[in-house]
Amino acid sequence: MQDRTKANEKLATLLGDAERPHWFLRHILPHEAMLRRWLARKRAPDLDIDDIIQESYAVLAKRERVDDIVDPRAYLFQVAHSLVVRNIRRARIVSIQAVDDLELCDYPDEAPTPEQNAIARDELQRLAEVIATMPGQTREAFILRRVRGMRQRDIAARMGLSESTVEKHIARGLRWLADWFVDGGKPVAETSKKMRRKQRRPDGRTGNQPER
Amino acid sequence: MAERETSQSVDRAAADWVARLDRAPLSDEDIEQLEQWLAGDPRRHGALLRARAMWDYSDMGSALGPQYDPASFERKTSQIPEEKSPPQVTGRGRRPLAWLGAMAASVILTLSLTLTVEMPKAYATTLGQIQLVPLDDGSTITLNTATEVSVQYQDRQRRVRLSHGEAYFEVTADPNRPFVVEVDERRVHASKAAFVVRKLADTHTEVIVQSGHIELSASPDDAARTTLAANSRASLPPSAVKGNILVDRIAPDQLLRDLAWRQGKLAFQGETLAMAASAFARYSDVHIVVADPALAREPVTGLFVANDPAGFSRAVAQVFDAKLERTETEIVLTRTY
């Protein structure tokens with residue numbers, strides 16, 4: 001029992017405060033599409049937008065607290081901006097001019113309306129739609145978990161699958177949702193998603209390279 | 001350094017971890033692995049936070065209700081392509097959807113052949129339930145807790161009757177068939193609009209418009225209509241009293257908080273604890289009783305799960321240093337000092 005408590009404490013340190021994903025969902029994710037577009041406009045060679053976004057989020061994940069961030073959107077753009085500048089300095093191949101341009105943190109400053117503040121206008125409707133586009137068993141497992149609220153173990157029994165297979169379906173469903181979100185909340189078929197990702201990489205690496 | 005891991009692969013691993021965390025408590029070995037994984041690349045912390053946030057988002061899936069039928073949403077997305085999706089989508093990726101569309105079309109054909117006389121269809125939710133009802137024309141109705149509506153689509157009119165409760169309507173335009181909501185003797189006429197109609201036991205019936213506009217008539221045969229624009233609210237006293245529709249403005253952020261129930265949540269920003277407690281009463285048999293008048297006046301701010309009065313009470317007890325006692329039907333909050 002003692003060990004369990006210890007393990008839980010360790011896990012809590014790794015994951016940070018429990019409220020943060022929710023804060024992130026409300027205050028950061030709604031601006032991801034805008035951040036992506038803004039990064040795409042930067043005249044920086046070899047800039048991997050996905051990397052910059054992940055690194056920016058890492059800064060938010062590791063921050064001691066987030067409730068002291070007055071304007072999460074401005075903060076997000078500042079962090080991303082400083083990472084872009086750092087990358088360019090590190091690459092040491094661009095002219096001073098380019099760095100000067102980038103010194104201007106010219107992030108779009110129009111205030112989002114409360115409607116835009118929500119992750120999307122009709123969150124529930126969109127969730128219903130994206131779940132509907134998931135492939136076969138993944139969809140079934142995801143619905144049982146997220147709509148019916150069953151535990152993974154019970155889903156495994158019900159679908160006649162192993163627990164680890166159900167876990168894989170849940171992970172896949174979550175990725176489906178996340179990919180759909182990257183595309184601005186418009187469900188796309190898997191194939192076109194991969195193609196888009198290929199195009200997004202300026203350095204010739206693709207999303208199809210061997211993983212782990 | 002070896003070939004740098006792609007950000008896609010980082011995202012994939014992050015999703016795997018969220019699924020693992022959801023499956024069961026992590027073993028010591030798992031925790032060790034998670035620690036090592038996180039330490040291996042700074043991007044992984046960010047990807048994990050994002051994946052956990054998306055997981056949080058999917059939590060509102062419970063608000064889709066047990067009747068959620070993905071097939072009806074497949075049809076909607078494939079049958080009625082909005083202008084957003086380019087029509088010239090190339091073959092390979094889209095084929096499954098096109099196929100579903102063809103199948104759905106045949107289903108619709110069968111339906112229209114067999115259902116020449118449209119019967120009203122009833123939808124109802126029980127206490128604490130929320131249900132999203134997609135309609136054939138692409139409109140949707142979201143039913144809040146303890147709500148009953150009946151839907152009847154006719155050639156000249158799309159009719160919905162709200163017997164009691166609260167419903168959120170998102171109406172698609174159809175110039176030939178106005179969308180009409182009947183509540184008491186009143187009529188709400190809409191074309192393309194999003195609005196709420198609320199008919200609760202102890203207060204006046206209310207109509208709140210989020211986008212577009214609607215028209216209100218006091219009785220079925222009344223030609224005089226009151227127009228209600230986005231971000232406004234009409235309060236409708238019993239219709240025996242004439243000419244008394246009260247209209248006022250409602251701030252967009254207040255409106256969004258009012259609509260948090262669609263995600264199965266209740267949002268408060270400075271409401272008193274007493275008001276919050278009565279808001280929860282609509283969603284559960286278990287009622288929150290605030291025994292101390294000073295405590296009842298404390299302001300509450302936050303987003304809470306609507307059908308979990310116990311969770312809310314625990315949070316309140318912590319913040320206000322209150323004592324919490326539970327019986328089968330009540331949660332009593334009192335000051336400890």
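B:Asp321 sits in the loop between helix 9 and strand 15 (322-326) of chain B. That's a handy place to start, in what is a predicted model. Coming just after helix 9 of chain B, B:Asp321 takes a positive phi of about 55 degrees, and it does so although it is not a glycine. For context, most residues other than glycine have a negative phi. Is B:Asp321 buried or exposed? It counts as exposed, because it has 11 C-beta neighbours inside 10 Å and the cut-off for exposed is 12 or fewer.

Chain B has another residue of this kind. B:Asn231 is not a glycine either, yet it has a positive phi of about 60 degrees. Its home is the loop between strand 9 (225-228) and strand 10 (232-236) of chain B. B:Asn231 is partly exposed, because 15 other C-beta atoms lie within 10 Å.

Now step back from B:Asp321 into helix 9 of chain B itself. Its residues B:Pro309, B:Phe312, B:Ser313 and B:Val316 are buried. Why do they end up on the same side of the helix? Because they cover an arc of only 100 degrees around the axis. The general background is that an α-helix has 3.6 residues a turn, so residues three or four places apart point the same way. Over on the other side of helix 9 of chain B, B:Gly311 and B:Gln318 are exposed. The cover over the buried residues of helix 9 of chain B includes helix 7, strand 13, strand 14, strand 15 and strand 16 (330-335) of chain B.

Helix 7 (residues 273-281) of chain B, one of those covering elements, can be read in a similar way. Its buried residues are B:Leu273, B:Ala276, B:Ala277, B:Ala279 and B:Phe280. Looking down the axis of helix 7 of chain B, you'd find these buried residues within an arc of 160 degrees, so they line one face of the helix. What sits over them includes strand 12 (265-272), strand 13 (287-290), helix 8 (293-296), strand 14 (299-305) and helix 9 (309-319) of chain B.

On to chain A, which has twelve helices and zero strands. Of its 212 residues, 33% count as buried. Take the contacts in chain A between residues at least 6 apart in sequence: 58% of them join residues at least 24 apart.

Let's look at how a couple of these helices pack. In general, two packed helices are described by the angle between their axes and the distance between the axes. For helix 9 (residues 136-147) and helix 11 (residues 163-182) of chain A, the axes come within 8 Å and cross at roughly 90 degrees. That makes the two helices roughly perpendicular. From helix 9 of chain A, the residues involved are A:Gln137, A:Thr138, A:Ala141, A:Phe142 and A:Arg145, and they meet A:Val166, A:His169, A:Ile170, A:Arg172 and A:Gly173 in helix 11 of chain A. Sorted by class, this contact has four nonpolar, four polar and two charged residues.

The other packing pair joins the two chains. The axes of helix 4 of chain A and helix 3 (residues 42-58) of chain B come within 6 Å and cross at roughly 80 degrees. These two helices are therefore roughly perpendicular to each other. Among the residues of helix 4 of chain A that take part are A:Asp51, A:Gln54, A:Glu55 and A:Tyr57, while the helix 3 side in chain B includes B:Pro42, B:Arg43, B:His45 and B:Gly46. By class, this contact has eight nonpolar, four polar and five charged residues.

A:Glu55 is worth a closer look here. It lies in helix 4 (residues 49-62) of chain A, and it is buried, because 23 other C-beta atoms lie within 10 Å. Skipping residues up to four places away in sequence, A:Glu55 touches A:Leu83, B:Pro42, B:Arg43 and B:Gly46. A:Glu55 and A:Ala80 are 25 residues apart in sequence, but 7.9 Å apart in space, C-alpha to C-alpha.

Finally, the core. The largest nonpolar core has 114 residues, and those with the most contacts inside it are A:Leu174, B:Ala51, B:Phe195 and B:Val207. Which helix gives the most to this core? Helix 11 of chain A does, with nine residues. As for B:Phe195, leaving aside neighbours within four places in sequence, its contacts are B:Phe169, B:Ala190, B:Val207, B:Ile208, B:Val209, B:Gln210 and B:Ile214.

Definitions and conventions. Residues numbered from 1 in each chain as written. Chains lettered and ligands numbered in written order. Predicted model: local features only at pLDDT ≥ 70, side-chain atom pairs only at ≥ 80, totals over all residues. Helix = DSSP H or I, 4+ residues; strand = E, 2+ residues; numbered from the N terminus. Buried ≥ 20, exposed ≤ 12 C-beta atoms within 10 Å, placed from the backbone. Contact = placed C-beta atoms within 7 Å. Axes fitted to C-alpha atoms, helices over the stretch in contact; angles between N-to-C directions. Parallel < 35°, antiparallel > 145°, perpendicular 65-115°, else oblique. Nonpolar A, V, L, I, M, F, W, Y, C, P; charged D, E, K, R; others polar. Arc of directions from axis to C-beta. Core = buried A, V, L, I, M, F, W, Y, C linked by C-beta atoms within 7 Å.
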